[in-house]
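Me: I've got a structure to look at and some words I don't quite get. Can you walk me through them?

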Amino acid sequence: MNTAPPSPSTDRLAVSARGIVKAFGVGDARTQALKGTDFTALEGELHLIVGPSGCGKTTLLSVLAGTLESDQGEVSVLGTRLTGLAASQVTRFRCRHIGFIFQQFNLIPTLSLVENVSVPLLLNGTGRHEAEAKAAERLKQVGLAGRERQRPTQLSGGQQQRVAIARALVHEPRLVICDEPTSALDSVTGHQIMDLLSGAARAPGRSVLIVTHDPRVYGYADRISEMEDGRVTGVHSGDSLAAFIHAETRS
Ligand SMILES: Nc1ncnc2c1ncn2[C@@H]1O[C@H](COP(=O)(O)OP(=O)(O)OP(=O)(O)O)[C@@H](O)[C@H]1O
Ligand SMILES: [Mg+2]
């Protein structure tokens, strides 16, 4: 049922990870979150990662985004080998090229919404005035116009999630990585956000990687990687993708 991994000779790789191992804790409390997994995503695609709770999805995303160092394995993103780079170089690369939507949103509670969304632009050297204008535009796109000066604590979970999405897209990163971007959203808003993320994936040289449990999102995928117990166990595209979605959404 699995398709072959995408061929690097005909398609441009956005992300390539080989043999990724990551464990947390020591002794009896040690958990092997990733057990030597491979993962590949292409430029120009919206790629979903699905799998049961605890199978290692967030850990894999964190390694790909360079926010977590793996114990073993190699990661390249957008043609840059992150493995072996100094932490400061990884941080600089991430600020410039990656937008990350965390499972817990990670908004800064003491900053207003427009200030939160401005952060990636400020880190890349954009002036405050221009950064806030672009941030306000993104907030409008996610349906939060008029709330620019509010704080995250004044918002519902779904509204906070939309702020996190605006922040991930504001600097037009080449790779957008999202951990459950629609989990707190109603159906209409969920589809609006997926339309935005789809648009980001279709722009030249860009791609979007999404971890999700939400079958409403499956129809947006160009490719779906299935994870189980610390490994990618299947990759679906084309006919195999259609069959996977049919099987998963049949009730
Ligand atoms: N910081 C950490 N310290 C200790 N164990 C961790 C840590 N982060 C993850 N784990 C463990 O690693 C395993 C994989 O966790 P991970 O968060 O990657 O799963 P997930 O697939 O994202 O799950 P979910 O769908 O519930 O978000 C789990 O057993 C988890 O308990
Ligand atoms: Mg997770």
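Reply: Sure, here are some helix contacts and a ligand site, taken term by term. This is a predicted model, where local features need pLDDT of at least 70, side-chain atom pairs count only at pLDDT 80 or more, and totals for chains, interfaces and linings use all residues. Residues are numbered from 1 along each chain as its sequence is written, chains are lettered from A and ligands numbered from 1 in the order in which they are written, and side-chain values use heavy atoms, with hydrogens and water left out.

Me: Why is H3 called oblique to H4?

Reply: Helix H3 (residues 113–123) and helix H4 (residues 128–141) pack at about 120°, their axes 8 Å apart. Angles under 35 degrees count as roughly parallel, over 145 as roughly antiparallel, 65 to 115 as roughly perpendicular and the rest as oblique. That angle therefore makes H3 oblique to H4.

Me: Which residues make that contact of H3 with H4?

Reply: Contact means heavy atoms within 4.5 Å. On the H3 side they include Leu 113, Val 117 and Leu 121, and on the H4 side Ala 131, Ala 135 and Leu 139 are among them. The contact residues split into nine nonpolar, one polar and five charged (Ala, Val, Leu, Ile, Met, Phe, Trp, Tyr, Cys and Pro count as nonpolar, Asp, Glu, Lys and Arg as charged, the others, Gly among them, as polar).

Me: What makes H5 and H6 roughly parallel?

Reply: The axes of H5 and helix H6 (residues 187–202) cross at roughly 10° and come within 12 Å. With that crossing angle, H5 and H6 are therefore roughly parallel to each other. Arg 162, Ile 165 and Leu 169 of H5 meet H6 residues including Ile 193 and Leu 196. Here the tally is six nonpolar, one polar and one charged.

Me: And which residues of H3 meet H5?

Reply: Leu 113, Asn 116, Val 117 and Pro 120 in H3 do, touching Val 163, Ala 166 and Arg 167 in H5. The axes of H3 and H5 (residues 157–169) come within 7 Å, crossing at roughly 30°.

Me: How do you know that Ser 53 has a polar contact with ligand 1?

Reply: A polar contact is a pair of N or O atoms within 3.5 Å (within protein, one must be able to donate a hydrogen and the other to accept it, and residues adjacent in sequence count only if both atoms are side-chain atoms). A side-chain N or O atom of Ser 53 is 2.5 Å from an oxygen atom of ligand 1, so the pair fits the cut-off. For Cys 55, a backbone N or O atom lies 3.2 Å from a ligand 1 oxygen.

Definitions and conventions:
Axes are lines fitted to C-alpha atoms, for helices over the stretch in contact, and angles run from 0 to 180 degrees between N-to-C directions. Helices (H or I, at least four residues) and strands (E, at least two) are DSSP runs, numbered from the N terminus.
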